[in-house]
Amino acid sequence: MRAAEIADQLTTVLVTEEEIREKLDELARRVESDYDGKELLLVGVLKGAVMVMADFARALNRPLEMDWMAVSSYGAGTKSSGVVQIRKDLDTDLTGKHVLIVEDIIDSGLTLSWLLENFASRGAASIEILALLRKPEAAKVHIDSKYVGFDIPTEFVVGYGLDYNERYRNLRDVAVLAPHVYS
Ligand code: 5GP
Ligand code: MG
Ligand code: MG
């Protein structure tokens, strides 16, 4: 689905499909060189990271393993509280693995800081983060995200895996949802 087809539900397209593709290629070259000679496990955080994972994994010209984690963070409305519950755990034993967490967006950073602690306690050899998008609020909780695609303003965005009530995930671009859709 393209932004033009639902233009009345969006305000601005922030990142286009083409920009995402170029950025993921660029990040893939960095990851290939940083993880040269190491076993790499990509962990996608469901469900928002599905598109990033699918495209980023295919941009990587090297062997890798993939696993998925589903978590929910409870809080009022669109804000996460930092209280995280595992809905689907990894199938992989992290002992000795070089883990790269693949995320759609870092907002408060609370979900990721919880995940980092959780993974560290499972004996991973290294843990890094790749996030397609980052909002300025990420500064609140310091998250060392080694690979970041785009810094975007503090607005509620949808598309490329990101949803509003499970909709808009199949939008090819990342766009700001028009306020009249949720008010
Ligand atoms: P954090 O714990 O960093 O505040 O929450 C991150 C999660 O909240 C993301 O993985 C994503 O699922 C959701 N989220 C944060 N900002 C947005 C946004 O602008 N749009 C959408 N659709 N989800 C968001
Ligand atoms: Mg996410
Ligand atoms: Mg969501």
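E65 counts as partly exposed, because 13 C-beta neighbours lie inside 10 Å. For these labels, a residue is buried if 20 or more other C-beta atoms lie within 10 Å of its own, exposed if 12 or fewer, and partly exposed in between, with C-beta atoms placed from the backbone. E65 lies in strand 3 (residues 65-74). Helices (H or I, at least four residues) and strands (E, at least two) are DSSP runs, numbered from the N terminus. Leaving aside residues up to four places away in sequence, E65 touches L41 and T92; contact is assigned when two C-beta atoms, placed from the backbone, lie within 7 Å. E65 and K97 are 32 residues apart in sequence, and their C-alpha atoms are 9.9 Å apart in space.

Before going further, a word on the model itself. It is predicted, so to speak of local features pLDDT of at least 70 is needed, side-chain atom pairs count only at pLDDT 80 or more, and totals for chains, interfaces and linings use all residues. Residues are numbered from 1 along each chain as its sequence is written, while chains are lettered from A and ligands numbered from 1 in the order in which they are written. The mean pLDDT of the protein is 93, and 93% of its residues reach 70 or more; pLDDT is the predictor's confidence in each residue, from 0 to 100. The model scores ipTM 0.94 and pTM 0.93.

**Overall shape**

The protein has 4 helices and 9 strands, and along the sequence they follow the pattern β-α-β-α-β-β-β-α-β-β-β-β-α. Its radius of gyration is 16 Å, close to the 16 Å of the globule rule for 183 residues, so the protein is as compact as a globular protein of that length. Here the radius is taken over C-alpha atoms, and the rule is 2.2 Å times the number of residues to the power 0.38. Along the principal axes, the C-alpha atoms fill a box of roughly 50 × 35 × 25 Å. Buried residues make up 32% of the 183 residues. Among contacts between residues at least 6 apart in sequence, 65% join residues at least 24 apart.

**The core and its surroundings**

Which residues have the most contacts inside the largest nonpolar core? They are F56, L100, I101, V102 and L130, in a core of 43 residues. Such a core is a set of buried Ala, Val, Leu, Ile, Met, Phe, Trp, Tyr and Cys residues joined through C-beta atoms within 7 Å. V102 touches, among others farther than four places away in sequence, L42, V43, F56 and L130.

Helix 2 (residues 50-59) has M51, V52, M53 and F56 as its buried residues. These pack against helix 1 (17-34), strand 2, strand 5 and strand 6 (126-134). Strand 2 (residues 40-46) is mostly covered, with 5 of its 7 residues buried. Strand 2 pairs in the parallel sense with strand 5 (residues 98-106) over 5 bridges, and V43 stands opposite I101 in strand 5. Two strands pair if DSSP finds at least two bridges between them.

**A separate look at strands 1, 9 and 8**

An open sheet is formed by 3 strands in the order 1-9-8, with antiparallel pairing. Strand 1 (10-15) and strand 8 (157-158) stand at the edges with a single partner strand each, so one side of each has no neighbour in the sheet. Strand 1 and strand 9 are joined by 3 bridges, while strand 8 and strand 9 (residues 174-177) pair over 2 bridges. The table lists bridge partners in strand 9.

| Residue | Partner in strand 9 |
|---|---|
| V15 | V174 |
| V157 | V176 |
| V158 | A175 |

**Backbone details**

Most residues other than glycine have a negative phi, and most peptide bonds are trans. Where do N165 and E166 lie? Both are in the loop between strand 8 and strand 9. N165 has a positive phi of about 50° although it is not a glycine, and phi of E166 is near 70°, again positive in a residue other than glycine. N165 is exposed, with 8 other C-beta atoms within 10 Å, and E166 is exposed with 7. Elsewhere, a cis peptide bond joins L46 and K47, with omega about 0°; K47 is found in the loop between strand 2 and helix 2.
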